[in-house]
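Me: I would like to learn how to read a protein model step by step. Could we go through one together?

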Amino acid sequence: MRNPSKIAVSLTATNSSELSQQLAKLAQAQLRHPLLVEWRLDYWQNWSNLLRGYQLLRQQILPQQLIITLRTKVAGGQLNLTTTAYQERLLQWLPQLSAAYWDVQWLPTMTEFSQQLRQLAGNRQRFIWSCHGLVAKSYLQNLTILRKMATTAAPTDYLKLAVVSRNNADTLALLTATWQAYHELSQPLITMAMGASGQSSRIIGPLFGSQVSFGALTATGSAPGQLPLHQLDQILLD
Ligand SMILES: O=C1C[C@@](O)(C(=O)O)C[C@@H](O)[C@@H]1O
């Protein structure tokens, strides 16, 4: 049987006071769907007080609700890091910040890094293997990425694919690839088409096998095309 769909929301605070504000806003949210909270570390300005931010977060958010993500510029995030610097930061911080999921930017050539992560994480830690396409992709390109990511992921890890959409055909390519992957692969999926023309994928994604949809807590959210959290909660089709 399928798991119930979840909604995720990103905290994009740059410092502790912004984080408190975003958490206060989140505390007001009464949602129909189970909620995951993504902490986007790439927005955080001063990493010497990252642990302080984490403590603040944990006063309100349970570890089993938490996703921790460090998104680099090449994948649409805020931090300009080389692959090596990105991987070093993950290896440094993963043992210190406990979360249900760590988001990891997937690369075809990362066998050694993924083994290091798993060793550090032990059995309890699960991963979201992420691929962010900033250029629109065809059905086959989307499906091929999902299939390749599945070879890195454990059965309980998520595979996440976010691709830019220029039009309805791009969105359909993402949704139909999701549908095929849902029938072929054992891992749960999170997919979305980014941008205004991809917005429908955030609403009907669950009908095609995507299990988590991201809504926006702030005016801009954390990616183009996200719907406001409450609106998404009302209209998500699952
Ligand atoms: O990977 C994703 C999905 C996302 O890019 C979106 O399009 O909603 C938002 C990001 O914060 C998150 O890490």
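Reply: Here are some questions and answers about this structure.

This is a predicted model, in which local features need pLDDT of at least 70 and side-chain atom pairs count only at pLDDT 80 or more, while totals for chains, interfaces and linings use all residues. Residues are numbered from 1 along each chain as its sequence is written.

Me: Why is the protein chain described as being as compact as a globular protein of its length?

Reply: The globule rule (2.2 Å times the number of residues to the power 0.38) is compared with the radius of gyration, taken over C-alpha atoms. For 238 residues the rule gives 18 Å, and the chain is called that compact because its own radius of gyration is close to this, at 17 Å.

Me: What percentage of the residues of the protein chain count as buried?

Reply: A residue is buried if 20 or more other C-beta atoms, placed from the backbone, lie within 10 Å of its own. Of the 238 residues, the share that counts as buried is 42%.

Me: Which strand gives the largest share of the largest nonpolar core?

Reply: A nonpolar core is a set of buried Ala, Val, Leu, Ile, Met, Phe, Trp, Tyr and Cys residues joined through C-beta atoms within 7 Å. The largest one has 60 residues, and I67 and W129 are among those with the most contacts inside it. Strands are DSSP runs (E, at least two residues) numbered from the N terminus, and the one that supplies the largest share, six residues, is β6.

Me: How many residues surround the ligand?

Reply: A residue is near the ligand if its C-beta atom, placed from the backbone, lies within 6 Å of it. S10, A162 and F214 are among the closest, and β2, β6 and β7 each supply at least two residues of the shell. The number of residues that surround the ligand is 15.

Terms used: Buried ≥ 20, exposed ≤ 12 C-beta atoms within 10 Å, placed from the backbone. Helix = DSSP H or I, 4+ residues; strand = E, 2+ residues; numbered from the N terminus.
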